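Grab a pencil and work through a few short exercises on the model shown here. Each one comes with a worked solution, so try it yourself before reading on.

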Amino acid sequence: MVGLKPSEVPPTTAVKFLGAGTAACFADLLTFPLDTAKVRLQIQGENQATQAARRIQYRGVLGTILTMVRTEGPRSPYNGLVAGLQRQMSFASIRIGLYDSVKQFYTPKGSDHSSITTRILAGCTTGAMAVSCAQPTDVVKVRFQASIHLGAGSNRKYSGTMDAYRTIAREEGVRGLWKGTLPNITRNAIVNCAEMVTYDIIKEKLLDYHLLTDNFPCHFISAFGAGFCATVVASPVDVVKTRYMNSPPGQYRSPLDCMLKMVTQEGPTAFYKGFTPSFLRLGTWNVVMFVTYEQLKRALMKVQMLRESPF
């Protein structure tokens, strides 16, 4: 048995909320360079790319990261990390931390198990709720990850994370901070369903058939399956979301216009640009997040029970 044993008392909503946000931040710290590489590969080939972007070609995950380090410095793969952590504390806390509560809300009274439809509905609901709250952090994160800085002479559009929020609101209006909300809701509803429902079902079956106990190996296998499923179904929407959120005003009329231009100019394979770093990032992120989340829930419940114990 690896890790803390399951608590006899089910974790509270507050524990799930805090645990999900914290676990997601930890996962982001480990996988952020892969996410940045994914963004760079997804926007490569846009017609209105900057002159600096045209001179640089990214090839593969490792090649993209090494090119960034060589041309922009060792800190470049972590561009946008602050906004990324802000995003996870608001985004993951809602979509993951509230999933069980929303699933129970949709489950008919007296039912022992939630149906797949109920789980999908819960995943869509918490995913949409999370995007509505965390969209500005996602816009800023993508802008930082997509920006190329070639030395001291290059112009930096934003001096920092808070300046990015202010500048976008000033130049593009408050609506600019919610740019790409529709494709992001679509993408994260799909990702959340794929992640949470797949993880939920795999874990449930492993436990029901007594193949594994409720601990690290079970969490690892369930999380890996969730990451793979999420990457396959969400990549097309993710590419459109990234390009639309990073685009200057007027480049695309809408997410649909962005999608159509991608198909006509680059072909349907453009929807799977950056698939390898997407899978490496999402697969690794899911494993780290879910394993950490399960252990944090147990640790937080143990602390809570010790505090409430009279002895």
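**Exercise 1.** Why is there no bond between the sulfur of Cys193 and the closest cysteine sulfur?

Solution. Keep in mind that this is a predicted model. Start with the partner: the closest cysteine sulfur to that of Cys193 belongs to Cys124. Next, take the distance, which is 3.3 Å. Now bring in the cut-off: a disulfide needs the two sulfur atoms within 2.5 Å. The pair is therefore too far apart for a bond. As for its surroundings, Cys193 has 12% relative accessibility and counts as buried.

**Exercise 2.** Work out where Cys218 stands, and then give the disulfide count for the structure.

Solution. Look for the nearest cysteine sulfur to Cys218: that of Cys229, 16 Å away. Cys218 is in no disulfide. Its relative accessible area is 0%, so Cys218 is buried. The tally for the structure is zero disulfides.

**Exercise 3.** Which residues make the nonpolar surface patch of about 350 Å²?

Solution. Pick out Phe216, Phe220, Ile221 and Phe224; together they make the patch. Then zoom in on Phe220, which sits in helix α9, residues 216-246. With 36% relative accessibility, Phe220 comes out as partly exposed.

**Exercise 4.** Check the length of helix α8 against expectation, then see what follows the helix.

Solution. Helix α8 covers residues 181-208, which makes 28 residues. At 1.5 Å a residue you'd expect 40 Å. From first C-alpha to last, α8 reaches 39 Å, close to that expected value. After α8 comes His210, with a positive phi near 55°.

Notes. Residues numbered from 1 in each chain as written. Predicted model: local features only at pLDDT ≥ 70, side-chain atom pairs only at ≥ 80, totals over all residues. Heavy atoms only, no water. Buried < 20%, exposed > 50% of the residue type's maximum accessible area, 1.4 Å probe, protein only. Patch = residues over 30% accessible without salt bridge, like charges linked within 9 Å, V, L, I, M, F, W, Y side chains within 5 Å. Areas by Shrake-Rupley, 256 points an atom, 1.4 Å probe, with all protein chains shown as cover. Salt bridge = Lys/Arg side-chain N within 4 Å of Asp/Glu carboxyl O. Helix = DSSP H or I, 4+ residues; strand = E, 2+ residues; numbered from the N terminus. Expected span 1.5 Å × (residues − 1).
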